[in-house]
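Me: I would like to go through this model label by label and ask, for each one, what value stands behind it and which cut-off that value has to meet.

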Amino acid sequence: MSHHSPIFETDKQHSAPTTSSVFNYPNADVVVQSYDGVLFRVHKVILSLASPVFADMFALGKRSDVQIDTLPVVPAMEDFETAPVVEAILRFCYPVNGAKLEAVADLYPVLKAAKKYMIEEALKSLRPSLVEMSTREPLQAFVYAASLRFDVETRATAKNSLRVPLPSAADEAELDLISGRTYQRLLKFRLQSIDRVHNLFRDDSWIDRRSFFQGCLDCCAQVVDQDGAKDVQWVAGWWREYMRLAELALEKSVTGEAVLDQDILLPPTLMAASCGQCKNRAITTLRRFSKVLADQVDSVIYEEAAKATFF
Ligand SMILES: [Zn+2]
């Protein structure tokens with residue numbers, strides 16, 4: 001996109017451009033103009049320190065086509081470089097408080113501008129924010145991270161996308177920001193992760209049974225026969241109930257957190273509490289075991305995300 005800033009047309013119509021209330025230094029030596037026409041009176045030396053792109057621009061000493069109050073004007077050329085975005089970016093250049101960016105959709109254009117102008121300070125602060133916000137808006141965050149080609153954040157947001165079902169999280173217009181191939185790879189990553197998480201319930205060789213279960217003749221009804229009759233294990237009904245509820249929970253949200261939910265832990269706890277033999281150790285066992293399961297889920301997802309290529 002290389003539209004010209006509409007402010008010049010507005011100027012011709014004699015409507016005075018507004019000036020930023022935050023960046024309006026009287027001793028400014030350059031004016032940055034947002035795409036929507038707001039003026040920011042700032043200092044070349046400060047912008048040059050924060051951004052090699054600005055540094056090069058000013059070092060070239062290119063004469064500005066437009067001047068305002070004898071100051072050269074740097075117009076923002078792209079439509080995402082609106083006044084709030086320019087202000088947020090300038091807040092990273094000057095020693096002032098950062099902008100409050102609460103929605104991932106507000107963060108995205110600022111990150112895009114930070115990348116374009118190579119403002120390291122902004123990237124260092126905002127890239128982790130993208131991952132933090134992705135727990136709430138994961139697919140949106142994935143699309144933004146992938147469209148900006150941020151590798152670490154793309155993997156992290158892909159992981160968080162497993163917390164929600166895909167169709168409900170997708171905004172079709174936003175999907176235009178990524179390629180069909182990247183989207184296909186996200187789907188493949190999700191399917192493989194979900195498959196491996198469910199396998200934790202089929203092949204439970206990761207469970208150290210001896211540290212979790214002692215036999216209970218009262219409620220451990222089912223005998224599991226592994227490798228012949230010698231390794232007979234007793235599996236408590238309350239434990240099977242926990243596993244059943246955990247697997248169901250993981251169908252809705254594929255993240256370790258899902259199996260630590262109180263709604264899943266309570267029914268088996270109540271079951272165990274009604275068994276004379278199990279009641280004293282069941283709560284401790286469930287607490288420990290649910291954390292082990294949560295770690296297993298998270299490490300499966302972590303491994304899949306580390307293996308995946310998204311671009
Ligand atoms: Zn029991």
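Me: Which residues of α7 are buried in this model?

Reply: In this predicted model, the buried residues of α7 are P138, L139, Q140, A141, F142, V143, Y144, A145 and A146.

Me: What makes α7, residues 138-147, largely enclosed by the rest of the structure?

Reply: A residue is called buried when 20 or more other C-beta atoms lie within 10 Å of its own, and nine of the 10 residues of α7 are buried, so the helix is largely enclosed by the rest of the structure. For the protein chain, buried residues make up 34% of the 311 residues.

Me: Where does the chain go after α7, and why is R149 called exposed or buried there?

Reply: R149 is found in the loop between α7 and α8, and its phi is positive, about 60°, although it is not a glycine. The cut-off for an exposed residue is 12 or fewer C-beta atoms within 10 Å, and R149 has 12 such neighbours, so it counts as exposed.

Me: What makes T70 and P26 exposed or buried?

Reply: Set against that cut-off of 12 or fewer, T70 has 6 C-beta neighbours inside 10 Å and therefore counts as exposed, while P26, with 5 C-beta neighbours inside 10 Å, counts as exposed as well. T70 lies in the loop between β4 (67-68) and β5 (71-75), and its phi is positive, about 65°, although it is not a glycine. P26, for its part, lies in the loop between β1 (19-24) and β2 (30-33), and its C-alpha atom is separated by 8.7 Å from that of V42, which is 16 residues apart along the chain.

Me: How do you know whether α5 and α6 are roughly parallel or antiparallel?

Reply: The axes of α5 (residues 104-116) and α6 (residues 120-133) come within 10 Å and cross at roughly 150°. Angles over 145 degrees count as roughly antiparallel, and that makes α5 roughly antiparallel to α6. The crossing in which α5 passes α6 is left-handed. By class, their contact has 10 nonpolar, one polar and one charged residues; on the α5 side these include V104, L107 and K115, which belong to the set that meets A122, S129 and M133, among others, in α6.

Me: And what makes the relation of α6 to α8 parallel or antiparallel?

Reply: Here the axes of α6 and α8 (residues 151-161) come within 9 Å and cross at roughly 15°. Since angles under 35 degrees count as roughly parallel, α6 and α8 are therefore roughly parallel to each other. The crossing of α6 past α8 is right-handed, and R127, L130 and V131 in α6 meet E153, A156 and T157 in α8. The residues of this contact divide into three nonpolar, one polar and two charged.

Me: Which residues have the most contacts inside the largest nonpolar core?

Reply: That core has 50 residues, and those with the most contacts inside it are F40, I89, L107, V110, A114 and L130. Leaving aside its neighbours within four places in sequence, V110 is in contact with V85, A88, I89, L101 and L126. Apart from this core lies another, of 25 residues, among them C216, A282, L286 and I301.

Methods: Residues numbered from 1 in each chain as written. Predicted model: local features only at pLDDT ≥ 70, side-chain atom pairs only at ≥ 80, totals over all residues. Axes fitted to C-alpha atoms, helices over the stretch in contact; angles between N-to-C directions. Helix = DSSP H or I, 4+ residues; strand = E, 2+ residues; numbered from the N terminus. Parallel < 35°, antiparallel > 145°, perpendicular 65-115°, else oblique. Left-handed = near helix turned anticlockwise from the far one by under 90°. Contact = placed C-beta atoms within 7 Å. Nonpolar A, V, L, I, M, F, W, Y, C, P; charged D, E, K, R; others polar. Core = buried A, V, L, I, M, F, W, Y, C linked by C-beta atoms within 7 Å.
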